[in-house]
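Subject: Handing over a structure

Dear colleague,

I am passing on to you the structure shown below, together with a short account of what was found in it. Please keep it open beside this message as you read.

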Amino acid sequence: MTIWPTRVRGLAWGADYNPEQWPEDVWDDDVALMRRAGVNLVSVAIFSWALLEVEEGRYEFGWLDRVLDRLHAGGIRVDLATATAAPPPWLTTAHPEMLPETADGVRLAHGSRQSYCPSSPVYRTKAVALARALAERYRDHPALSAWHVNNEYGCHVSRCYCDRCAVAFRAWLRARHGTLDVLNEAWGTAFWSQRYTSWDQVLPPRATPATHNPGQLLDFDRFSSDALLELYKAERDVLREVTPDVPVTTNFMAAAFSGLDYWKWAAEVDFVSNDHYTFGEDPDRHVHLAYSADLVRGLAGGRPWLLMEHSTSAVNWQPRNIAKLPGELRRNSYAHMARGADGTLFFQWRQSRAGAERYHSAMVPHAGPDTKVYREVEQVGAEYQRIAEVVGSTVDAPVAVVFDWESWWALGQSGHPTSDFSYSEHVFGYYRALWRAGVTVDFVPPGADLAPYRLVVLPALYAVDDATPYEEHVAAGGHVLVTYLSGVTDTRGHVHLGGYPGAFRELLGVRTEEFHPLRAGQTAALDDGSSAVVWTEHLHVDGAEVVASYADGPLPGVPAVTRNEHGAGVAWYAACGLVGDGLERLVRTALDGAGVPVGPGGGVEVVRRRGEVAGSAVSWLVAVNHSDSDAELPAVGVELLSGARASGSVVVPAGGVVVLREEEV
Ligand code: GAL
């Protein structure tokens, strides 16, 4: 099985290309400008269904033939979409039952995109037929490099509550639980008189008078992720049958999107691709970028991955279209590359004149190529050719963070001890502390092999059946840092009895008798100078050492942070919502205890990739300076962008980047 877009040389550089929005005389200009900018890969036809199948069963491929031929003549490879992300109005008009329904029973109309129900047999049949028609038409086209199935599955409709989904949900539940008795037990239906006596009484979690059943919600999340995955697999299987040597992907939205369990999805793609958009108003947007990139590398199992979309500048679906700063698209591209991307593409090539995304930036802006954006695009395109040797290399990371979509879903439900907790913000808070310490992080799924890591962070790993693997890891000498809301329930959502944090009590040497979430805006001080927001809990130590206790708040004198020696290893517990310096101090102390060296910090991001050049092991230091002052790093080797030798140190210019092939000293 091929695992990377074929025939793309060096790092991939390009965009979504939507030529159908333009008259044909623009296409030659497109190819000429792409060549000038070093573009070598574009994604074509993502939203072209209505122009490819103009009426039921009547395909018109002529325009796409001409597009692909022109790109090929220009030496540009194609990541060809199956065009199934937006069914055309003729189809949804003929089959209105294929439209999705919200929890309130509202049927969503066409006129935007992604207007289909995941369980619709009409949608599935037509989508698979289109994928087959495209595969058969272009199987031998020399520009065809990879398949791009659909687009961002679930982005707008990740849950559908229609009658057909109710039937599919019941079938999924039967396969998971076997009998209604098991389902009733798993969902705890003795509560609020919810006991089911027949399968057809079971519904998707539609609008109800009060809080939903947590087990029903969690199973519906699992089902909905699986239902979309089945659609993806149906298209993929046809593509594999017709073009077994062309790799297949679909673009994810990690880490912004909770709707799909990407650990499961990642096992089904030939290579992982991802879309990531920074929020122009967020001062930590480069840290969010790193968080996403590290998570995507985790999904790719450490192998190279493709950034399918990011923006050259403004993003029109955000409340304010903040333009990127000079150098920002370049830094963003290198930061993804540093963290394992073997190519960085944009949405989109040429900025649209019409349609919903007119004010979204592109590689060629409305104002044309004589612009800051296009010049920067040209610059990076040329530079990528100088650093092509990094392709195929991997990234070093001494720390792992366990990331769990099921805990994200479960903790997103209402009826929890506080509505101020956000799984993604919580995980990001710990990630940012690690980023600021200059430490590269791998994200791993629950159950992953932890042996390669010196420190493992378990942020709010909520739904855990059995903590034995973590206990064994620590007993054998591992170091873990566990945070509050971990181990509280099993994977059905049933609370582990005997005190919190349930599954992790023994490993952590603690027992909590009651949660004490804080009031909105309230802060609790700790006796080591740290402070906590959102969460405190009435914790007793049961073998653990107290690192810090509350100085005020609802629980003065009660332990807030603990450290437990378990076998040959160490397990830390942060039982409260640490913020700011206190959070960074705890993370640095845990890193230090685990023997993890910290990096330069101060807004300079340094990542090491390792691979081979001409059969010899090589490492590259990739540094991205997000600050306003030059930074000097110890280094010996050749800086590939400038060609200059570094014989002791290298300067990373303010706002600039460095890619240095290291030499052993
Ligand atoms: C992505 C999508 C693209 C485009 C882009 C704009 O979510 O895949 O088609 O809409 O956002 O930022």
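A good place to begin is V480, which stands opposite A571 in β23. I should say at once that this is a predicted model. The strands concerned are β16, covering residues 479-483, and β23, covering residues 569-574, and they pair in the parallel sense over five bridges.

Both strands belong to an open sheet of seven strands with mixed pairing, whose order is β14-β13-β15-β16-β23-β22-β21. Because β14 (441-444) and β21 (545-549) stand at the edges and have a single partner strand each, one side of each is left without a neighbour in the sheet. From one strand to the next, the twist averages 20 degrees.

You may also like to look at E472, which has its place in helix α15, residues 468-475. With a relative accessible area of 52%, E472 is exposed. Between E472 and T491 there are 20 Å in space, taken from C-alpha to C-alpha, while in sequence the two are 19 residues apart.

Turning to the pockets, the second largest pocket contains about 660 Å³ of space. Its lining is made up of 29 residues, of which P214, Q413, G415, Y462 and G493 are the closest to the centre of the pocket. By character, the residues of this lining divide into 15 nonpolar, 13 polar and one charged. Helices α7 (180-187) and α8 (214-242) each supply at least two residues of the lining, and it is α8 that gives the largest share, namely four residues.

Lastly, there are the cysteines, and here one might ask how many disulfides the structure holds. The number is zero, and two of the cysteines deserve a separate word. For C155, the closest cysteine sulfur is that of C160, and at 16 Å from the sulfur of C155 it is too far for a bond. C165 is likewise in no disulfide, although the nearest cysteine sulfur, that of C117, is 3.6 Å away; a disulfide would need the two sulfur atoms to be within 2.5 Å. As to their surroundings, C155 counts as partly exposed, at 27% relative accessibility, whereas C165, at 2% relative accessibility, counts as buried.

With kind regards

How values were computed: Residues numbered from 1 in each chain as written. Predicted model: local features only at pLDDT ≥ 70, side-chain atom pairs only at ≥ 80, totals over all residues. Heavy atoms only, no water. Buried < 20%, exposed > 50% of the residue type's maximum accessible area, 1.4 Å probe, protein only. 1 Å grid on protein atoms, 1.4 Å probe; cavity = no way out; pocket = protein on both sides within 12 Å on 5 of 7 lines; lining within 4 Å. Points joined across faces, edges and corners; volume = space filled by probe spheres on them. Nonpolar A, V, L, I, M, F, W, Y, C, P; charged D, E, K, R; others polar. Pairing = 2+ DSSP bridges. Axes fitted to C-alpha atoms, helices over the stretch in contact; angles between N-to-C directions.
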